[in-house]
Amino acid sequence: MRAQIKLGRIAGIEIGLHYSWFIIAILIALSLADHFRTTTPGWGPALVWGAAIVTAVLFFVTLLLHELAHSLLAKARGLRVRAITLFALGGVSQIESEARDAKSEFWIAIVGPLSSLLIGIICIGIERATTGNAGEPTTPVAAVLLWLGYINIMLAGFNMIPGYPLDGGRVLRAIFWWATKKQDRATRWAAFVGQAVAFAFILIGLYRFFVGENYGGLWLAFIGWFLLDASRGSYVQVEVLSGLRGRRVADVMEQDCPTVESHISLQDFVDEYLLRSGRRCFAVVQSNSLVGLITPGEVKRVERSDWPNTSVQSAMIPLRSLHVVSPDTPALEALELMTRQDINQLPVVSDGHLLGIFSRAQVIRYLQTHAELRAK
């Protein structure tokens, strides 16, 4: 999930917000404002809304701490962490490499919920110690602390649901991994359990909606739908990893890579190459040496009226700006590079000569063929 709002970096990790995060922040603020109006009628509107908004903002901080716990432990275990994105149902740490063993997977997964649980206990403990009662808080500070504690404890509980890829599902995967010694099988089992839990949430949520519980049931069904989609995505991911593990770029790349001379015009390139072939990526060559790459994206940056007078070389991505790989690069490493740089293809170069293109489309075709042959 990509962040639309960049907030900066912590320990080299990019922090961002997805627009959907504001949904949960607004719901928390609205729910708490309604609760505070009911339980503390002496508070004015400014105090009610102030306490509700501060609680929502501090929840953002504690949610970030939850994800930082995952990310910092992952980095300590030697994994690459690109970014943290907060969204409607929590947050996601974009860990670009896999845990090397079941023990690392277990601790990286469980440290987030443990952090949220600890924050919740501390907040409630401070509130109880300062107010000395177990009833409804009467001051804004006490109210913020109490509800921040409750929300974090609920967050820890929600994340421990054994629905992969939630933290609880990852803990379950680590246990399966430890028991079977097979990472791929453990992920498949955890994803299957996650889909079963998701279906249960959807069915229970729909039942509650139709028996009159209205939006509470719909929310449960929505959470179930999210878990189902995430579990299916994780299953696809493990199939990709299984198919590419042990493979080199040379085993997967497209060797008959289409090339185009650097001196021709964009108009000729579009008419003679792009439209006729249906290909979307062309290597630009000059004297049989790779000098760049051109896709429809680069063409569209040039005004159509200028196409006849603009050369391919003027519009291409030059070689110095490209990420290239060698034919011996592990396929998974190349795929991680494409994900990290948000690109769709990598030129495969050896001694300055283009050998092929490693692309997402070619990876998909390779995996489809691999799956068909395995099914025989």
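Me: Quick one to start: what does "buried" mean here?
Reply: A residue is buried when its relative accessible area is under 20%, exposed when that area is over 50%, and partly exposed in between. Please keep in mind that this is a predicted model.

Me: Thanks. Take F269 then, buried or exposed?
Reply: F269 has 0% relative accessibility, so it counts as buried.

Me: Where is F269 found?
Reply: In helix α9, which covers residues 266-277.

Me: And what is F269 in contact with, leaving aside its neighbours within four places in sequence?
Reply: With V260, I264, L274, F282, I294, V299 and V312. There is also a spacing to look at: S311 is 42 residues from F269 along the chain, and their C-alpha atoms are 8.9 Å apart.

Me: Which cluster do ring pairs link F269 into?
Reply: Into one with Y273 and F282.

Me: While we're on rings, how many aromatic pairs does the count come to?
Reply: Eight. One of them joins F36 and W43, with 5.5 Å between the centres and 55 degrees between the planes, and that pair is tilted.

Me: Are F36 and W43 buried or exposed?
Reply: Both F36 and W43 are buried.

Me: Let's zoom out. How many helices and strands does the protein have?
Reply: The protein has 13 helices and 10 strands. Its C-alpha trace spans about 80 × 55 × 45 Å along the principal axes.

Me: What percentage of the residues is buried?
Reply: 48% of the 376 residues. As for contacts with a separation of 6 or more, residues 24 or more positions apart account for 60% of them.

Me: What about confidence, what is the mean pLDDT of the protein?
Reply: The mean is 83, with 92% of the residues at 70 or more.

Me: Where is confidence lowest, and where highest?
Reply: Strand β4, residues 90-95, has the lowest mean, at 71. Helix α11, residues 312-315, has the highest, at 92.

Me: On to helices. How far apart are the end C-alpha atoms of α3?
Reply: They are 44 Å apart. Helix α3 runs over residues 102-131, so its 30 residues at 1.5 Å each should span 44 Å, and the two values agree.

Me: Where does α3 bend?
Reply: At V111, by about 30 degrees. A proline, P113, follows within four residues.

Me: What is there at the start of α3?
Reply: There, D101 has a side-chain oxygen within 3.2 Å of the backbone nitrogen of K103.

Me: E127 is in α3 as well. Is E127 buried or exposed?
Reply: E127 is buried, because its relative accessibility is 0%. The C-alpha atom of E127 lies 30 Å from that of L166, a residue 39 positions away along the chain.

Me: How many residues does α2 have?
Reply: Helix α2 has 32, residues 45-76, and its first and last C-alpha atoms are 46 Å apart, close to the 46 Å expected. G78, with a positive phi near 90 degrees, follows α2.

Me: And α5, how many residues there?
Reply: Helix α5 has 14, residues 167-180, and reaches 20 Å from end to end, close to the 20 Å expected.

Me: Which residues of α5 are buried?
Reply: D167, G168, G169, V171, L172, R173, A174, W177 and T180.

Me: What follows α5?
Reply: K181, which is not a glycine but has a positive phi of about 65 degrees. K181 sits in the loop between α5 and α6 (183-213). Its relative accessible area is 61%, so K181 is exposed.

Me: What is phi near in A11?
Reply: Near 55 degrees, a positive value in a residue other than glycine. A11 lies in the loop between β1 (5-10) and β2 (13-17). With a relative accessible area of 46%, A11 is partly exposed.

Me: Last one: where is P162 found?
Reply: In the loop between α4 (140-159) and α5. P162 counts as partly exposed because its relative accessibility is 38%.

Me: What is P162 in contact with, neighbours within four places aside?
Reply: P162 is in contact with G168, G169, L172, V193, G194 and V197. Two of these partners, G168 and G169, are among the buried residues of α5. The C-alpha atoms of P162 and S116 are separated by 17 Å, and the two residues are 46 apart along the chain.

Definitions and conventions: Residues numbered from 1 in each chain as written. Heavy atoms only, no water. Helix = DSSP H or I, 4+ residues; strand = E, 2+ residues; numbered from the N terminus. Expected span 1.5 Å × (residues − 1). Bend = angle between axes of the 7 residues up to and from the residue. Polar contact = N/O pair within 3.5 Å; in protein donor to acceptor, adjacent residues only side chain to side chain. Buried < 20%, exposed > 50% of the residue type's maximum accessible area, 1.4 Å probe, protein only. Contact = heavy atoms within 4.5 Å. pLDDT = per-residue confidence, 0-100. Phe/Tyr/Trp six-rings, centres within 6.5 Å; stacked < 30°, edge-to-face > 60°.
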